[in-house]
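Reader: I'd like a close look at a single part of this one. Pick a spot, then show me how it ties in with the rest.

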Amino acid sequence: MIKYIIILMNMLALILVHLFFDGDVSVKINAPEKVKPGEEITVNIIVTKGSIAGVGHFKEELPSGFAEANIIDAKGGEFKYLPQDNVVKCTWISLPAEGEFTISYKLKVSDAAPNGKVALGGKFSYVLDNQKQTFDLPPFTIQVGADEA
């Protein structure tokens with residue numbers, strides 16, 4: 001009987017620890033689903049990090065025809081657009097205190113961008129229990145130009 005009470009107490013303790021020290025991280029992209037060549041769009045990266053703190057890093061390789069990334073809000077991070085690699089990066093020495101935050105930037109869709117579907121994606125890296133963790137963003141599909149038949 002005492003053994004079952006101890007097991008029950010351990011299970012309750014694990015549940016409480018999980019509730020207060022949430023290690024689940026998710027990141028998603030919010031952007032227009034359709035764009036025309038020559039337009040400028042706003043991309044929002046929504047990071048749900050729970051209570052994770054410390055160093056964080058976001059990296060996105062932009063598809064062909066998307067360039068000239070300009071930051072709107074990096075939530076205290078250092079934002080960089082590397083035109084030679086067509087890459088967007090944002091690095092935090094200390095992640096924002098909020099459990100969920102959004103970074104925003106503008107992208108220019110080139111006049112020469114090929115029509116069709118392209119995917120935005122990327123990786124969010126952070127440190128948990130002194131180990132680097134990486135979350136791969138689910139791809140966000142954008143239709144450039146006219147819809148495909």
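Author: First, some groundwork: accessible areas come from the Shrake-Rupley method with a 1.4 Å probe, and for residues only the protein chains shown count as cover. On that footing, the accessible surface of the chain comes to about 9200 Å², and carbon and sulfur atoms hold 57% of that surface. What you're looking at is a predicted model, where local features need pLDDT of at least 70 and side-chain atom pairs count only at pLDDT 80 or more, while totals for chains, interfaces and linings use all residues. Residues are numbered from 1 along each chain as its sequence is written, and side-chain values use heavy atoms, with hydrogens and water left out.

Now the overall layout. The chain has 1 helix and 12 strands, taken as DSSP runs numbered from the N terminus (helices are H or I with at least four residues, strands are E with at least two). Along the sequence, the helix comes ahead of the strands in the pattern α-β-β-β-β-β-β-β-β-β-β-β-β. Of the 149 residues, 35% count as buried; buried means under 20% relative accessible area, exposed means over 50%, and partly exposed is in between (1.4 Å probe, protein chains only). Among the contacts in the chain with a separation of 6 or more, 71% link residues 24 or more positions apart, contact being heavy atoms within 4.5 Å.

The spot I'd pick is His57. This residue is found in strand 4, which covers residues 56–61. Is His57 buried or partly exposed? At a relative accessible area of 24%, His57 counts as partly exposed. Leaving out residues up to four places away in sequence, His57 touches Lys89, Cys90, Thr91 and Trp92, along with Lys123, Phe124 and Ser125. With Thr91 there's also a side-chain polar contact of 2.9 Å. A polar contact is a pair of N or O atoms within 3.5 Å; within protein, one must be able to donate a hydrogen and the other to accept it, and residues adjacent in sequence count only if both atoms are side-chain atoms. Phe79 is 22 residues from His57 in sequence, and their C-alpha atoms are 9.9 Å apart.

Step back to the sheet around His57. Strand 4 belongs to an open sheet of 5 strands, ordered 6-7-4-10-11 with antiparallel pairing; two strands pair if DSSP finds at least two bridges between them. Strand 6 (78–82) and strand 11 are at the edges with a single partner strand each, so one side of each is left without a neighbour in the sheet. The twist averages 15° from one strand to the next. Angles like this run from 0 to 180 degrees between N-to-C directions, with axes as lines fitted to C-alpha atoms (for helices, over the stretch in contact).

At the strand 11 edge, strand 10 (residues 123–128) pairs with strand 11 (residues 131–136) over 6 bridges, antiparallel. Lys123 stands opposite Asp136, and Phe124 is across from Phe135. These two strands form a hairpin with 2 residues between them, and Asp129 in the turn has a positive phi of about 55°.

Phe124 also leads us inside. A nonpolar core is a set of buried Ala, Val, Leu, Ile, Met, Phe, Trp, Tyr and Cys residues joined through side-chain atoms within 4.5 Å. The largest one here has 34 residues, and Phe124 is among those touching the most other members, with Val43, Ile45, Phe66 and Ile142. Strand 8 (100–109) and strand 10 are among the strands that each supply at least two residues, and strand 8 gives the most, with 5 residues. As for Phe66, its contacts beyond four places in sequence include Ile41, Leu107, Val118 and Ile142.

Strand 8 also sits in another open sheet, with 4 antiparallel strands in the order 1-3-8-5. Strand 1 and strand 5 are the edge strands, each pairing on one side only. Neighbouring strands in this sheet are turned by 25° against each other on average, direction ignored. Strand 3 and strand 8 are joined by 9 bridges; Ile45 has Ile103 as its bridge partner, and Asn44 has Ser104. On the other flank, strand 1 and strand 3 pair over 5 bridges, with Ser26 opposite Thr48.
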